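User: I would like to examine how the structural labels for this protein are justified. Please set each value against its criterion.

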Amino acid sequence: MAPFEKNAFIVGASRGLGLGLVEAFLKRGWRVTATQRKPSPDLARLKADTLRVETVEIDDDASVAALHTRLVSERFDLIFVVAGVATQAHDPLHAVPRAVAAQVYLTNAVSPIRFIETFLDRLKPGGSLALMSSILGSVSLNEAGGWETYRASKAALNTLARSFEIRHRAEAVSVLVLHPGWVRTEMGGEEADIDVATSVMGLADVISTRLGEPGAHYIDYRGETLPW
Ligand SMILES: NC(=O)c1ccc[n+]([C@@H]2O[C@H](COP(=O)([O-])OP(=O)(O)OC[C@H]3O[C@@H](n4cnc5c(N)ncnc54)[C@H](OP(=O)(O)O)[C@@H]3O)[C@@H](O)[C@H]2O)c1
């Protein structure tokens, strides 16, 4: 690898925003390691010498540990956990089975933070950890309600991201907590405001501008800082 070439690790790249981010960083000349849970035809279609495809289930500690071992010689400028779920997001809390609500919390908040904790030793100096949050994770901007279990899981992710950064402050870690906009993916639906290309172009610009900035920063795809 050329010494100036940047290296991204995109976790949850089988489709949607993760897939779009892989394409965006490849276009910018970055090397990319992308993960799927099962073979993704869309990821397989992206033929590039600079793309490595791996498999991981972020809710499974053994799967994450095995990937950490397989990537022993990799060092990344960006480790971005994009994976997330919105199971029964339209139902109010009391209508969601406890096990479903708990799983949304585990996948959206606990697993991403455990993942970056495991892979922190694979981050290059001057690099950033990134977490895919949502504007719905902002407690102070919650004027509309709705999306209750999802919203709570992203608020938990934001809180845990801040605690992670405080715990690692002596190492001056950079944690980018990102909102991609409301995007037309399987999760976002057809009525969403913007397409994947617009979102991932914005996110890649924001990441390139803020790369390595110490602290925890909650930012949207246009570079606007969001209130927690
Ligand atoms: N779309 C929006 O408007 C919007 C807005 C704000 C935030 N977000 C956030 O952006 C992220 C991506 O959303 P999207 O719209 O691209 O959703 P999506 O199209 O539903 O894609 C979700 C991705 O996450 C992966 N994933 C889910 N659970 C996983 C697990 N346990 N382990 C590993 N991978 C897992 C999926 O893999 P499989 O293909 O294997 O299921 C898929 O690649 C999510 O965190 C979401 O909350 C989206």
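Analyst: The answers below concern a predicted model and take up its helices, strands, ligand contacts and loops in turn.

User: What makes the length of helix α1 close to the expected one?

Analyst: The expected span is 1.5 Å times one less than the number of residues. Helix α1, residues 16–27, has 12 residues, for which 16 Å is expected, and its first and last C-alpha atoms are 17 Å apart.

User: Why is α1 described as largely enclosed by the rest of the structure?

Analyst: A residue is buried when its relative accessible area is under 20%. Nine of the 12 residues of α1 are buried, so the helix is largely enclosed. Among them are L17, L19, L21, V22, F25 and L26.

User: What is notable about the backbone just after α1, and how exposed is the residue concerned?

Analyst: G29 takes a positive phi of about 85° there, in the loop between α1 and β2. Its relative accessible area is 42%, which lies between the cut-offs of 20% and 50%, so G29 is partly exposed. The C-alpha atoms of G29 and E5 are 7.4 Å apart in space, although the two residues are 24 positions apart in sequence.

User: How do you know that β1 and β2 are paired, and in which sense do they run?

Analyst: Pairing requires at least two bridges. Strand β1, residues 7–11, is joined to β2 by four bridges, so the criterion is met, and the two strands run parallel. Within this pair, I10 stands opposite A34 of β2. The unit formed by β1, α1 and β2 is a right-handed β-α-β unit.

User: What else pairs with β2, and how well is β2 covered?

Analyst: Strand β3, residues 51–55, pairs with β2 over five bridges in the parallel sense. One of the positions is T35, whose bridge partner in β3 is E54. Strand β2, residues 31–36, is mostly covered, as five of its six residues are buried.

User: What makes the contacts of S14, V82 and Y150 with the ligand polar contacts?

Analyst: The criterion is a pair of N or O atoms within 3.5 Å. For S14, an N or O atom of the side chain is 2.6 Å from an oxygen atom of the ligand. For Y150, a polar side-chain atom is 2.6 Å from a ligand oxygen. For V82, a backbone N or O atom is 2.8 Å from a ligand oxygen. These distances fall within the limit, so the three pairs qualify. The protein covers 94% of the 890 Å² of accessible area that the ligand has on its own. Of the 29 residues around the ligand, S14, E57, Y150, V183 and T185 come nearest.

User: Why are W147 and A172 called partly exposed?

Analyst: The class spans values between 20% and 50%. W147 has 26% relative accessibility and therefore belongs to it, and A172, at 43%, does so too. W147 has a positive phi of about 45° although it is not a glycine, and it is located in the loop between β5 and α5. A172, likewise not a glycine, has a positive phi of about 55° and is located in the loop between α5 and β6.

User: Is A155 buried or exposed, and how do you know?

Analyst: A155 has a relative accessible area of 18%, which is under 20%, so this residue is buried. A155 lies in helix α5. The C-alpha atoms of A155 and G137 are 3.9 Å apart, with their positions 18 residues apart in sequence numbering.

User: What makes β6 a mostly covered strand, and which side chains point which way?

Analyst: Six of the six residues of β6 are buried. In a regular strand the side chains alternate between the two faces of the sheet. Here S174, L176 and L178 point one way, whereas V175, V177 and H179 point the other way.

User: How do you know that β6 pairs with β5 and with β7?

Analyst: At least two bridges are needed. Four bridges join β5 to β6 in parallel, with V177 of β6 as the bridge partner of L131. The β-α-β crossover from β5 through α5 to β6 is right-handed. Six bridges join β6 to strand β7, residues 215–220, also in parallel, and S174 stands opposite G215 in β7. The crossover from β6 through helix α6, residues 196–210, to β7 is left-handed.

Definitions and conventions. Residues numbered from 1 in each chain as written. Predicted model: local features only at pLDDT ≥ 70, side-chain atom pairs only at ≥ 80, totals over all residues. Heavy atoms only, no water. Buried < 20%, exposed > 50% of the residue type's maximum accessible area, 1.4 Å probe, protein only. Right-handed = clockwise from strand over helix to strand, strands pointing away. Near = heavy atom within 4 Å. Polar contact = N/O pair within 3.5 Å; in protein donor to acceptor, adjacent residues only side chain to side chain. Areas by Shrake-Rupley, 256 points an atom, 1.4 Å probe, with all protein chains shown as cover.
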